[in-house]
Amino acid sequence: MSQTLDSKLVAMLEVVYPAVDCAFVAEQLIDAMALAPDADAPPAHQNHWDPSDIVLITYADTVQQPGEKPLVTLKRFLDDSLRDAISAVHILPFFPYSSDDGFSVMDYLAVNESHGGWEDIEAIAADYKLMADLVINHMSARSRWFENFRKRVGPGKDYFFEGNPKDDLSMVVRPRTSPLLTPVQTDDGERHVWCTFSEDQVDLNFANPEVLIEFARIIHYYLERGVRIFRLDAVAFLWKEPGTPCIHLQQTHELIKILRLLIEHHTPDAVVITETNVPNRENLTYFGNANEAHAIYNFSLPPLLINTLVTGNCRHLKTWLMSMPPAQMGTTYLNFIASHDGVGLRPTDGLLDEDEKQRLINTMESFGGKVSYRRTADGRDQPYEMNIALWDALKGTAEGGADHWQLQRFLCAHTIMLALEGIPAFYIHSLLATENDHARVEHTGRFRSINRGQWQLDAVEAALADPLSHHSKAFTELKRLIAIRRAQPAFHPNATQFTLHLGLQLFGFWRQSMRREQSIFCIHNISDEVQQVALTDINLIGTDQWTDLLSGMAVDDLAGVITLKPYQSVWLSN
């Protein structure tokens with residue numbers, strides 16, 4: 001007999017809170033989510049996605065129109081320009097905030113008034129799968145909860161994690177160079193709060209079950225307003241124990257399982273995505289046993305793919321792809337090459353050596369990029385991420401510098417991403433081929449601003465309408481590639497994938513649909529020189545008719561050769 005929801009919750013809660021009345025906490029969580037204690041569990045290992053799923057990542061106010069709330073403008077831009085290209089939209093934090101472009105949330109239950117209101121969020125959710133951030137690790141130092149923490153009253157008094165400067169915190173893994181503990185004056189004296197990211201982003205205290213219950217209420221509120229995909233921001237740092245690295249602790253994994261269990265009992269087709277910008281092996285643990293994240297970000301893909309295209313050598317990308325386990329049914333990868341953050345370097349640990357990382361960093365800096373650092377346990381500052389617009393990251397090669405292959409290289413990167421196992425996600429500035437925004441960096445003083453620019457709607461429309469602009473050329477071709485991808489069963493996020501061995505200048509892999517009726521051989525020239533592929537090396541089935549989906553070219557001679565121009569791709573399908 002299967003366990004009831006409440007008994008499952010109690011078993012998980014006992015791992016996290018061994019000294020607490022877990023039956024009472026389970027009852028509170030079920031009540032916060034408006035569920036029945038004996039609610040039926042949704043079927044396991046269900047795929048809530050198919051080949052047509054494409055995610056757009058954007059801020060609420062990336063596209064603007066004078067005199068109009070940005071969420072209204074965004075909806076119109078989606079409907080007019082992208083309705084036939086995307087299925088889901090990730091609107092980065094749209095709540096009132098005090099810093100970090102939204103990730104220092106002041107009120108989880110409000111929409112930033114300057115962006116619009118909940119009715120605008122719900123209008124987008126009515127037509128697209130809406131992905132929203134659950135900024136779960138930390139909250140703004142200017143929030144009401146933190147004001148209550150200072151006043152020593154509830155709610156908030158015991159909601160934030162405190163540290164002792166005398167504790168041994170040398171093992172704590174940090175993504176920043178700022179101090180970990182921040183002294184604050186409260187109504188009963190000075191206290192030191194834990195700040196993984198910045199002194200304005202104070203870490204929440206999940207050792208207090210009340211905080212978990214509050215987040216169940218927040219999740220329920222989001223579900224009722226149409227959110228269907230939850231991005232658990234910075235979730236790897238959720239549980240803290242001095243004397244440990246304070247990352248990936250078992251309690252963190254149990255808390256993700258608890259949130260997943262509650263979400264899927266409320267909305268069986270809702271999806272949980274964990275944002276864990278860490279080395280690849282660590283990242284994979286967030287699938288759990290298909291009972292934690294439905295999807296994880298493929299964080300190693302952006303730096304490895306950019307490195308491949310600027311060096312003209314796919315050895316590391318190929319080695320990584322061969323090492324990636326197929327996702328179990330009911331789980332998948334979220335593939336992306338660019339996002340609102342920089343290109344993370346930690347996910348290359350164990351994949352690129354230090355000299356190769358430095359060469360990549362030097363190349364990005366020569367293309368106008370910046371580098372952000374983190375503080376290691378031994379007090380050293382180490383490169384953490386490269387801050388650069390993807391369009392500029394691919395403007396040339398490490399050896400030759402900027403060249404005339406920028407558009408082809410940029411399109412090759414996306415053609416690879418679109419074909420890989422998983423769901424493709426496009427950052428809006430990649431779809432629009434936006435350049436580095438150095439003026440914004442000057443204005444904010446933050447390197448990440450280089451890839452967080454804003455467009456006026458009429459300027460976007462003019463750029464996309466001009467067939468000679470690189471924005472129009474990139475956008476038009478990306479939409480064509482997306483349309484082809486969405487029609488192929490072999491590009492289901494969980495379809496079979498095998499890596500091909502075609503040398504270092506040709507990156508190839510084979511996809512086969514889940515019913516085995518379609519195969520696609522995806523072959524990409526990742527160099528600035530012409531390359532040839534002998535079809536006998538690919539082993540095409542002789543009784544089938546083969547066509548390149550990208551060019552429409554029929555392949556008649558299976559013993560022949562295909563010639564690929566620099567950065568050209570073929571998707572050979574039967």
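1. Let's start with a pair of helices: helix α3 makes a left-handed crossing as it passes helix α4. Keep in mind as you look that this is a predicted model.

2. Where are these helices? Helix α3 covers residues 70-82 and helix α4 covers residues 118-127. They pack at an angle of about 15 degrees, and their axes lie 9 Å apart. Because angles under 35 degrees count as roughly parallel, α3 is described as roughly parallel to α4.

3. Now zoom in on the residues that meet. From α3 come Leu71, Val72, Leu74, Lys75 and Leu78, while α4 brings Asp120, Ile121, Ala123, Ile124 and Asp127. Sorted by class, this contact has seven nonpolar residues, three charged ones and no polar ones. Try finding Lys75 in α3 and Asp120 in α4, two of the residues in this contact.

4. Next, turn to a sheet. Three strands build an open sheet, in the order β13-β15-β14, with antiparallel pairing. Strands β13 (343-344) and β14 (370-375) are at the edges, each pairing on one side only. As general background, strands of a sheet pair through backbone hydrogen bonds, in either a parallel or an antiparallel way.

5. How many bridges join β14 and β15? Six bridges link β14 to strand β15 (residues 381-387), and the two run in the antiparallel sense. To see one spot along the sheet, look for Tyr373, which stands opposite Pro383 in β15.

6. Finally, which helix packs on this sheet? Helix α11 (residues 354-366) does, and it touches β14 and β15. The direction of α11 makes about 45 degrees with that of β15.

How values were computed
Residues are numbered from 1 along each chain as its sequence is written. This is a predicted model: local features need pLDDT of at least 70, side-chain atom pairs count only at pLDDT 80 or more; totals for chains, interfaces and linings use all residues. Side-chain values use heavy atoms; hydrogens and water are left out. Two strands pair if DSSP finds at least two bridges between them. Helices (H or I, at least four residues) and strands (E, at least two) are DSSP runs, numbered from the N terminus. Contact means heavy atoms within 4.5 Å. Axes are lines fitted to C-alpha atoms, for helices over the stretch in contact, and angles run from 0 to 180 degrees between N-to-C directions. Angles under 35 degrees count as roughly parallel, over 145 as roughly antiparallel, 65 to 115 as roughly perpendicular and the rest as oblique. A crossing is left-handed if the near helix is turned anticlockwise from the far one by less than a right angle, and right-handed if clockwise. Ala, Val, Leu, Ile, Met, Phe, Trp, Tyr, Cys and Pro count as nonpolar, Asp, Glu, Lys and Arg as charged, and the others, Gly among them, as polar.
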